[in-house]
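Please look over the sequence and the model below. The report that follows starts from a single residue and then turns to strands, cores and backbone angles.

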Amino acid sequence: RYSLSFTDVGEGQGNYLPDFNGANGKVYRYVEPLNGQKQGRYEPVMKLVTPKRQQVLSVATDYTIDANNVIRTELAMSNYDANTFSTRHSGDDAGVAARVQYSNTALLNRTKGLQLTSSVDYEMVQEKFTPLERLRYVEFTREWGLPLEQTGVRPSVREHIFRASSQLKSKAGNALTYQFMTYQRNDDYQGAQNIVQHAFKAGGWQFNNQFALTRFNRQNNKGSFLRPVVDVSKQLKQLASMRLGFRYTLERNELNNAEADTLAGTSFSFDTYSVYLKSDESKKNKYGLTFYTRSDKYPVLKEFIRGDRSYNINFQAEVLKSARHQFLFNTTFRQLDVYDEKVSRQKEDRTLLGRAEYLVNEWKGFVVGNMLYELGAGQEQRRDFTYLEVPAGQGEFTWNDYDSNGVQTLNEFEIAAFQDQAKFIRVFVPTNEFTKANYTTLNYSLTFNPRVVLGGAEAAGFSKFIARFNLQTSMQKSKKSMARGDFEFNPFKYSLVDTALLTLTTSFINTLSFNRFSSKWGFDISNLQNTGKSLLTYGYESRKLNDWVAKARWMISPSFTLNINSKYGQHGLFTPSFGNRNYDLLVRNVEPQLVFVNRTVFRLQSSYKYDVKQNEAQWGGEEAVSHSIISEVKYNVLQNSSVIGRFTYNNIEYPHPTNTTVSYIMLDGLLPGSNYLWSVDFTKRLLNNVELNFQYEGRKPGEARTVHIGRASVRALF
């Protein structure tokens, strides 16, 4: 009958609050007003977005009077219609902006390359002019005491800017610049700014200094913005050309309310001091040490009160000279002290951020790999999600109505076992809930190949035996845990079920191969470990997978090959909010396979698979035993066509209910008893780069009805 769309209208402005009850999609609960005051922040309303039209035309000209004098002009016109369906206020759609600039360059001393550049420009922007992107640099509003958040796409005021500047610059790069600027708006705002910049290099010394002072008046307020910057450094040639430097910055924005004679809440003031020591930047191996401190002051009545101060130490190094071993390191320690809790907007804290990366290629490629370690602190955001229906085969999840009530709930969606069942995608939605967290990340990837050292096929005796081994190992582990005031260095500290663990993603892969490069025989042993934990709005969801996989191959003759695949693993899902979804499966299977190949024309493979899945007793104790016979045949016709047929008979013993999450996982989407699966794939190449493909799949799961699926596609190869 109705499809409601709830919108966040602000705290105390609505009658609804979000409520979790397991349904797919957000649920909102009505809260009765208290003494006439609304208690929620959501309303069943939809904000309509009107169709808009925005056009901008600009024309710019540069006229060179002579080699030293240039005039530049620019005229822009905009047409912005906020609602193309409406004719109201259509007369205010057009706006104009213009700018004209005159610059003069004079060479004062040809020998020293001393040059004086002066310019004067004027800019006007109408209140109806609507630019496509911002006209001013990011810090413009802060420097001129304007609100940081500008509402709307239009400036809504008429602006007049006059700017005059002069720069004296030498061939050596030394420069002195002065700029004067006035800024006026038709909302009773007037301001003037003076900026002096100084850059100087001589005898290893470097100076980069700036002094900016802005004074402004708007309506009943007046204020000023002060920003001096002093940056001095010296190259110490007697200490391997290291550079020692000092930097000081101050920003003080005062906005005084004339009626109350107090500082406005948007006023701020902070200063920073930093000292740094850096090695020669031209070297491949370089490092640097920096100490800096920042103090924040907050407006209280008529004055600024110091609220807090941070102390920061940063060390960074890059060791890149060696091609076999390279190391990069960067770490920062921050201590925040709060002097006045009443005015400070922060809390005392200690933070450590670090990143170390190591790359190795040693012993002619015997060991190749890299390692990365990171740690730090931040905010972890809770996430909400919903499942959206998409065309069959284009999703990832399937919906099983376990309770047969026709209502989609979050605990009824599983990863689809078959493509035709994949009718839903999961969309994550961020929330406004955050938890302070420590995070650590550890990644590495290493390959050990004795063959390159021992000579491979040329090796003999025990060396030849060792040269047949190959080891590949990699791990990616990212962990976030609740911040409790201490640092988290250990990425393996918490178990998957620990409540202090917020999120966890782990992928650990090891593969040991023997006789990998032989076409006669060989075997591989692999271990795959995947764990994951997510912080969602309804709580935690944890998954784990730990598989040991063994594969052996033996070419009996040029036509026959014997493969044996085996797996021993543990798969688990733990969701405290949905007890019916939890499981911890022990998986064991073995599959011998015989393959017959007749040149490149014909291939036939048959296998038998014995599979046992057993759920832990505390999660239900279910057990599934399956016996599968699998056959596959491929026939190539005239090098441009191929036919692939596959048939599987799977008999499953499962004396338990089949309308649960664990049953869908243990049965692989099938049913107890006899299951039949078959498929035919026909591919034909046309015109050498166009492929025509037809696919037919069918399955008969247990006592359920037969499912038939057909697909056709055309693919172009480039």
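Thr-290 is buried, with a relative accessible area of 16%, where buried means under 20% relative accessible area, exposed over 50%, and partly exposed in between (1.4 Å probe, protein chains only). This is a predicted model, in which local features need pLDDT of at least 70 and side-chain atom pairs count only at pLDDT 80 or more, while totals for chains, interfaces and linings use all residues. Residues are numbered from 1 along each chain as its sequence is written, and side-chain values use heavy atoms, with hydrogens and water left out.

Thr-290 belongs to strand β17, residues 286-300; helices (H or I, at least four residues) and strands (E, at least two) are DSSP runs, numbered from the N terminus. Leaving aside residues up to four places away in sequence, Thr-290 touches Val-275, Tyr-276, Asn-312, Ile-313 and Asn-314, a contact being heavy atoms within 4.5 Å.

Further along the chain, the pairing of strands can be followed, two strands being paired if DSSP finds at least two bridges between them. Strand β19 (residues 325-338) and strand β20 (residues 349-362) run antiparallel and are joined by 12 bridges, and Gln-326 has Leu-359 in β20 as its bridge partner. β20 is also joined, by 9 bridges, to strand β21 (residues 367-389), again in an antiparallel arrangement, with Ala-356 standing opposite Tyr-373 in β21. β20 and β21 form a hairpin with 4 residues between them, and Trp-363 lies in the turn.

Trp-363 and Asp-668 each have a positive phi, although Trp-363 is not a glycine and neither is Asp-668. Most residues other than glycine have a negative phi.

| Residue | Loop | Phi | Relative accessible area |
|---|---|---|---|
| Trp-363 | between β20 and β21 | about 55 degrees | 54%, exposed |
| Asp-668 | between α4 and β34 (673-686) | about 55 degrees | 41%, partly exposed |

The largest nonpolar core has 13 residues, and those touching the most other members are Tyr-583, Leu-585, Ile-652, Tyr-654, Val-662, Met-666 and Leu-670. Such a core is a set of buried Ala, Val, Leu, Ile, Met, Phe, Trp, Tyr and Cys residues joined through side-chain atoms within 4.5 Å. At least two residues of this core come from each of β30 (583-598) and α4 (661-666), and β30 gives the largest share, 3 residues. Apart from this core lies another, of 10 residues, among them Phe-140, Leu-146, Tyr-189 and Ala-264. In soluble globular proteins, nonpolar side chains tend to be buried together.
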